Each structure stands twice: as structure tokens, then as C-alpha cells.
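Trainee: Hi, could you walk me through this one? I have the sequence and the structure open, and I'd like to know where to look.

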2 protein chains.
Amino acid sequence: MKTSGSSSEMVAALATALGGDLVLSGQDIERYCRDWHGDVTTGAVAVIRPRSTAEVCAAVRAIRALGLSIVPQGGNTGLVLGCTPDDPSRQVIVSLERMTAIRRIDEDDFSAVVEAGVILSEFKDRVEEAGLYFPLALGAQGSCRIGGNVSTNAGGINVLRYGMTRELVLGLEVVLPDGSVFEGLSTLRKDNRGIDLKQLFIGAEGTLGIITAVSVKLMPPAEKVATALLGLGTLSDAIALYRRARRDCCDLMSAFEFMPPIAFTLAQEAIPDLAMPMSADYPAYVLMEISGSGLVDIEDLMHRFLEGVMEDGLVLDGVIAASRSQAKNLWLFREGMNEGQARRGPHLRTDISVPLSRLATFVEAAEAAVTVRLPGCICVSYGHVGDGNVHLNVLPPGGLSGEEVQQQIYEAKGVINAVLDDFGGSISAEHGIGRLKKADFLQRLPPVQRRLLTAVKQAIDPDWIMNPGCQLNSDTDS
Amino acid sequence: MKTSGSSSEMVAALATALGGDLVLSGQDIERYCRDWHGDVTTGAVAVIRPRSTAEVCAAVRAIRALGLSIVPQGGNTGLVLGCTPDDPSRQVIVSLERMTAIRRIDEDDFSAVVEAGVILSEFKDRVEEAGLYFPLALGAQGSCRIGGNVSTNAGGINVLRYGMTRELVLGLEVVLPDGSVFEGLSTLRKDNRGIDLKQLFIGAEGTLGIITAVSVKLMPPAEKVATALLGLGTLSDAIALYRRARRDCCDLMSAFEFMPPIAFTLAQEAIPDLAMPMSADYPAYVLMEISGSGLVDIEDLMHRFLEGVMEDGLVLDGVIAASRSQAKNLWLFREGMNEGQARRGPHLRTDISVPLSRLATFVEAAEAAVTVRLPGCICVSYGHVGDGNVHLNVLPPGGLSGEEVQQQIYEAKGVINAVLDDFGGSISAEHGIGRLKKADFLQRLPPVQRRLLTAVKQAIDPDWIMNPGCQLNSDTDS
């Protein structure tokens, strides 16, 4: 299939096929063509905004008929350029933002069926109104959309308790590259009918089809939440604390984040009136949350746990939030430190995982390697201890030119990835591959896996019209 | 590829290629060719018993070179003929029973790497010795092997808390149909590098490759277990109780099984000196387990929970086990009823799931439909409430010929499946498809999904040498 005709002719053809109301072009598509961080601004032939699964099917057929390809997009909050076109003259964005129906919330069944364009926080609110809980929790939850969460197998702060998005999905509805519909919106908890095809689409970042609706598990509400900020001697102690907490707290932990001392400085740069809840002099901090419903006294559990670990010297100091608003304040440090990093200008953001048992030695080794190679840089390592997931970010020193900064970022990434490879880690713990991490991904992909991935892609999308340039290269490009 | 040569020539060729020690034939292979229930006895060209991944690769290549196909086998405890050959003159069984190394148990990492042939209960014991817990729990755990558990995505009694086997798997090593190895034995908790290929092999029942080793999640030990047997007024009450228990007990339930009154009779037929722990006159029974470690008082939680639900009249009577041996006795009813059914002779066994909210009405409707059509039959419905998973078995009356019994079983299945289809249920909640359920599976498979499944199979196993006849038919047969 070859693309023919000018961009405006193709827009006109799409409008004729689908109705003008579905098709955006020109200035109207700018926000769809810019990535979440604002690092990349690109273009597309058009943006199609279907309102129903049938309209998605029609869009796929129309785009295919023109010899163009498709970049599916949800809330456009991805961090790896998974929904940012890289071939503006041949790619059409299909935005799911108008498919916003919550088709069903079934309290008796602990399940819901929701369209791809529903914003995560809105869905969480509706589920809460129904007396239940959807545990996926991300920084971008006010903007990201469920379809994108599933497509990227999003992680977040509750993974240690509830798993990645994959583990929350019961069923999918997917429009396939030929415009047919994979109808799998079951809400069965247990359904073991052979090969589970839906798993392929979770984490595929739109390279195999367009997820249009999802059925998910719901949980009992986390009625009681105990939040604590703890000061520790080392990151190793934080990991020992996590292990102990899993046992002592019966796997009722819903978050266990670690932060370096600089977290406070960065958070205060972003939120100047943020009060320090405790001394900022401890080498490691943990923000820990236990939650549950019903008859277990969560607050008492947190108190008894902390009593024990402070007596044993594992935790040096701690603050337990006495109210929801105090808990929110503790979380501001975690959230503010991200904003604070952004204010310091361009920097390296990573999303790394290693086996839990090697997390502390990895961070130590990687930070040391960066410091040796790039002496002026500041390393900011924080993340989700329970998942072995660290965001080891590197902030170049002030006074450099834009080009020098980019060079330092590039070098820092190389240094960190080299250490990571030695530790058997992953270059993408939760953010996915997209276009940003494709080269690093393919470079490390064993030939057998590459061959299998390509064969599966080819089997489902033989013309490579679904999100080309994302994750894999077609045989001819690679 | 065409098969040529006599069976004994092929056995000789395999022995030459692989060494005689790896190849069994003749009378030595009988036990591999009989299914777990003893319903089917068949044959195979040979049984190959590799001791290492390299030997599995060699076996695959040797079998392929002879134009034969492969039926992978673990503990041969499957219930749907997934590892029972259906073409004895062209199929070679590859048994993983000699690959029994536990490669690593990492307490600090809550993970283990284990070869496919390790028996589940032996693995669980070894993990327990290391102070941790592997939660997969099945009736067959003394015989089934981890590779088979993963290949069939096994369920069991702890699914409501820990998920199916799929959710316990961190990584896989798989020998592919061309003899190459998919090396994915990562123990990373979080690794979001695009399409997750390993998911394809989980539940594929050996149709895409041979799983040779698995890395799995381990859990903190369930140090404290509270077990209770409860009498209720209806199955609906049991479901209401489950919902309440999820909230009240903070998702710390590890089992929630329901049983009909006849369970006691059946169990006592199998275990004559089994004592009745309570009146056998309640219309529904629940066997419930709460478990955990550390600082949560599990026994107190169970007591307070039962106090509340008995006060509210949801539970009519209850017995809490005061010791591990008492708990074991309560479980004997659940286990004994299976044995009791077997003693009554051939009967229909099903493995059905429906949405939780429809479980009680489904059982009522399906039992009524069976009773109308086959008046002398006894329905025995029991199962895993939290998963919406019921085993609705049907026992034909005494005094029928073998043929008449088979006819009643066949008719009962048709009646139940018709009701099931109306309820949007699954014909296989946890047992898989294999050969036994293939016709019923394919009959219900939407054309789009069938096309996708076939395309994926074709992409990974283009010559259909992996477990042909299981799950799917090749295009030419279908």
C-alpha cells in the first residue's frame, strides 16, 4: 500500500468517509502532536476522534484505504513517545478521548466495563461513589485515560499490592488492524479457555490494535488508610524494612516509596510553603501506606509495626499522619519532588527495575558511576521499593549550554544502562517502550524474542499499519 | 513433512539421536498414555524424558526431523486430556519429569526459579523451609508438576487471594517448536518492555512450545490460618457472605468454598469414620479460611467476623477449627466429597464460571434444567465462590447400563451448557481446554478470535508440531 495525494486531499478523503465532525487537522491537532513532557512536537495527517467502537472500525478502514497508518492515543500522558507520531505525512492519530462511557459498574460482581477514553480519576471517583475501589494510581491520573493505561500496562504507586494494570484487566474490546472487533469484554473472574489473547494487547502500546473498552476488577474500598513518613540510615535499611513490613503487615501495604534527602529540597522548590514534617538529615526516607476495610484496625497495625521497627533500630524517626489532610501533605513531598526536578530544567529521567535483593547495591553502583563520569551532576534516586523499581534521575549542573546538557543526559543514560545490564535489570519497569526507548530495547532484545515478536506482529498486523515506529521496526527498517 | 517408517524404526531413530536412556517405548510408556481419571487409554510412538533444557531442544529437533509431533507432559494430572495423545502413531510424548531442579529460592527477593518437572507440593515444602510461601494449592499437588501448572494456568483454592498461576509467574524458559530457546527467566517484579510474550505460553497447554523452567513470585508465609465451616440458608447467602467477608476481612481470605448438604454424605462414603462437625441439614455450607502473617490477629478477625454475620442471621451455624488438625478435618469434607463422587461411578464433571452476581441463579437454573430432563440424576454443585467458579457435577442414578450412563452424562452436559451460554459463562473456569473440551470451545469461539488464535499459532508453530489436536484444529482439519 502506498500513500498518494497531498495531506489536504487525504484529510478531505477522511472527512468524506467518516463525516467532518470526526476529523481534525491543521492547528486543531497541535496538542495531540506534542508529548507530555513537551520534549517533542511533531505533526500528523489528521486526528480522528470516534465516539463509538463502530466509528473506530470505520476510521481504521478509512485510514487503511488511504494507505496511511494509525497512532492510537488516549490522554497523551505517556512518557516514552508511544502515541507521538514519527512520520507526520503518513500517520493519523486516532484519539479515544470521546469514548467516555462507563458502560457498567457492578457492585455485586466487583467489576466494571469502561470505554477507553474515560479519564482514570473520573472512573475512580465513580467507582468510589458505588462503594468500591479501583486501585490504579498514577501521577497523571487526572489526565490519562483507561485505554492508554491498559495499552501501556501502567504501573504506579499501588503495584506492590494490586499488580500492574494487566492484573486488573478482566476483558478487552479491541478494534483490529483489519477493522474487525475482538469482542472479549467478559467480567468472569476465572476463565481458562486456552491461550489468553487479550494479554497480547496489554502493553502493546497500540501496535496490535486499538483498545476501545475494558472490563476490570474492582476492590473493596480502602476505608482506612495509615500513612507514615520514615527516616532511615540507608537504602538497604529501607529494603529490609519493606521485607519486614510484608510479613508484619500481612501484605496490607498499598504503597512503599523511597526518597533521598534531596526530595525535601526539590519539593520545597516547587511548593515553597511546604512544611518539613521531620529532620531532613536522614540518608533515606520511606513513605509507607497501609490500607484496608472492615474489621482490621489499620491505624493500630501501623503503630505496632513502627514501634517494633523503631525499637530494633531499623527506623530512626517517623511521622504518622493523624488525618487525611496530613497524609496528603506527606504525599506532597513525593509529588513535589517531581515538579522540583522539572523546574531545574532538562534532566535524565529513568524508569529502571532490578531484583529487589539488588536494589540498594545497584543504586549505589549506578550513582557512583555517574558521579565519576559526570562530576557536576546530581543523582536523584527514588521509587517503588516493593517492585524493585527506581527512577534514577540525573540533573546536570547549572551554567551549561542546551547542547551540553543534552550531551550529559545522553552520557548519563549510557553509564546507568551499562550498570543496569550488569545487574540483569530492565530499562523500562513501568513506562513502556514507545519510540523513546526503542533503540535501547532492541539493542538488548535476544534474537529469539525479536523473531517471535516480529512473527506475532506480522500475524496480527501484516501490513504494519498499527503504530509503526513504536516498540518494533518493520523488517525492512530494522 | 510426512511420517515414514514403522514405529520401531522411529523409536530406534530417536534413541540414536538422543541416546537410549532418554527414550521409552512399549510397555514402559503405558502410564504416560492414560489420563488422570483413567477415562482414556491411548498410545504414543515413544516417551522422551530429557534431563535438561538442552536435551529438550535436542528432542524437539529429533522429533521434528522424523516428521512427528510433540505432546508435552508434566505430572499427567490434567483433567481435559491436554497431554494425552490422540494420534498414537505420529505423536511423541515429551515428559518433563526428570527436570526437577529448584534452581534458586531467593528469600530476599521473594522469588524462585524452578524447573518444569518439580512436583508442586515438593516445591511448596522447599519454599516453606526457606520461610516463604508459594500459594498455588490444588487437589493434585502431590503429583502435578510446575511446568504443567503454568502450561494450563492452573487455578485451585487460593485463586481468590493470589490469582491463577498466571499471576504468580515472573518469567519463563520455553523451548520453541524450532528447537530454539525463549530465555525469559527474569525475577523482576516489574518489567514493562512492550508486548509480554510469555503470557502466550501460560495456558497454551503446550501448543506453542515446551515450558522448561519458570520463575515465580513467593509470598510471606501464612503463619496464622483460621478455618471455619459454616451453615447457611441458601447459596445466595453464601455469595452475600463472600462479599461481606472481602470487606470485613480486608481481602485476607485465602479460601471460600461452598458445598451442598450432600457433600457430607459423599465424604462419609469415601472416609467412613469422618465425624460430622455440625448438623448436616443446612441448605448450603461454606468452608472459609483467613490467613496471614505478622501483627494481624487472624483468629480474632475470624471470631469477630463470624460474630457479626451470625448476629445478622447471614450465617446460621459455624465451627471454627481450634487447631491445625481440626482444620485439616474440615477440609476432609471438601476433599472427601470428590472421592465420594468417584466411588459412585462415572458422572459428569464440569468446571464452569459465571459472573459472581449470577452464580446462585445460575446454579438454581442449571440444576432445575437437569432435573427436568434427567429426573433420576443427582446434581452436586460446589466450588470456589469468590471466583464465580462452580463444579456442577451430575451423578446418574444406579441400575443403568454403561451406555445409558454415558448417554445421561452427554445429555446433562448439553443441558448445563445451554443454561451457561444464557448466563454468559465459561465452559472452562480453571481446567483448560485440552482435547476434552475442544469441540465445545470451538463451537463457542467467535470467528474473529478463532482467526487470531490460528494466526498466532501459525506464527509460532508454522508446522503445527506442538500438541496438535489440543485446543485448536489445524486449518486442514477444522
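**Strands, helices and a shared interface**

Mentor: Happy to. In chain A, strand E11 (residues 253-259) and strand E12 (residues 284-292) pair in the antiparallel sense over six bridges. Keep in mind that this is a predicted model.

Trainee: Okay, found them. Which residue in E12(A) stands opposite Met253(A)?

Mentor: That is Ile290(A).

Trainee: And what sheet do those two strands belong to?

Mentor: An open sheet of seven strands in chain A, in the order E13-E10-E12-E11-E15-E16-E14, with antiparallel pairing.

Trainee: Which strands of chain A stand at the edges there?

Mentor: Strand E13 (317-320) and strand E14 (352-353) of chain A. Each has a single partner strand, so one side of each has no neighbour in the sheet.

Trainee: Does anything sit against this sheet? I mean, which helices should I look at?

Mentor: Start with helix H8 (residues 262-270) of chain A, which packs on the sheet and touches strand E10 (224-232), E11, E12, strand E15 (378-384) and strand E16 (389-395) of chain A. The direction of H8(A) makes about 95 degrees with that of E15(A). Then look at helix H11 (residues 359-373) of chain A, lying across E11, E14, E15 and E16 of chain A. H11(A) runs at about 15 degrees to E16(A).

Trainee: Nice. What other sheet can I look at in chain A?

Mentor: There is an open one of four strands in the order E1-E2-E4-E3, and its pairing is mixed. Strand E1 (23-24) and strand E3 (69-73) of chain A are at its edges; each has a single partner strand, so one side of each is left without a neighbour in the sheet.

Trainee: How many bridges join E3(A) to strand E4 of chain A?

Mentor: Five, and E3(A) and E4(A) (residues 91-95) run parallel. One pair to click on is Pro72(A) with its bridge partner Val94(A) in E4(A).

Trainee: And the helices on that sheet?

Mentor: Helix H1 (residues 7-18) of chain A packs on it, touching E1, strand E2 (46-48) and E4 of chain A, with its direction at about 15 degrees to that of E2(A). Helix H2 (residues 53-65) of chain A also packs on the sheet, touching E2, E3 and E4 of chain A. The direction of H2(A) makes about 145 degrees with that of E3(A).

Trainee: Switching topic: how much area do chain B and chain A bury between them?

Mentor: About 7300 Å², 61% of it on carbon and sulfur atoms. The contact takes 92 residues from chain B and 92 residues from chain A.

Trainee: How many salt bridges does the rule find across that interface?

Mentor: It finds 12 there, while a search of the whole structure gives 60 over all chains. One example is Glu167(A) with Lys217(B), where the closest N and O atoms are 3.4 Å apart. Glu167(A) is in the loop between helix H5 (159-162) and strand E7 (169-175) of chain A, and Lys217(B) is in strand E9 (residues 210-217) of chain B. Another salt bridge joins Asp108(A) to Arg243(B), with the closest N and O atoms 3.8 Å apart.

Trainee: What about helices from both chains meeting?

Mentor: Go to helix H14 (residues 447-460) of chain A and helix H14 (residues 447-460) of chain B, whose axes come within 9 Å and cross at roughly 145 degrees. The crossing of H14(A) and H14(B) is right-handed. Residues making the contact include Leu452(A) and Val456(A) of H14(A), and Leu452(B) and Val456(B) of H14(B).

Trainee: How do the residues of the contact of H14(A) with H14(B) divide?

Mentor: Into 10 nonpolar, no polar and no charged.

Notes. Residues are numbered from 1 along each chain as its sequence is written. Chains are lettered from A and ligands numbered from 1 in the order in which they are written. This is a predicted model: local features need pLDDT of at least 70, side-chain atom pairs count only at pLDDT 80 or more; totals for chains, interfaces and linings use all residues. Side-chain values use heavy atoms; hydrogens and water are left out. Two strands pair if DSSP finds at least two bridges between them. Contact means heavy atoms within 4.5 Å. Axes are lines fitted to C-alpha atoms, for helices over the stretch in contact, and angles run from 0 to 180 degrees between N-to-C directions. Buried area is the accessible area (1.4 Å probe) that two parts lose on being put together, summed over both. A salt bridge is a side-chain nitrogen of Lys or Arg within 4 Å of a carboxyl oxygen of Asp or Glu. A crossing is left-handed if the near helix is turned anticlockwise from the far one by less than a right angle, and right-handed if clockwise. Ala, Val, Leu, Ile, Met, Phe, Trp, Tyr, Cys and Pro count as nonpolar, Asp, Glu, Lys and Arg as charged, and the others, Gly among them, as polar.
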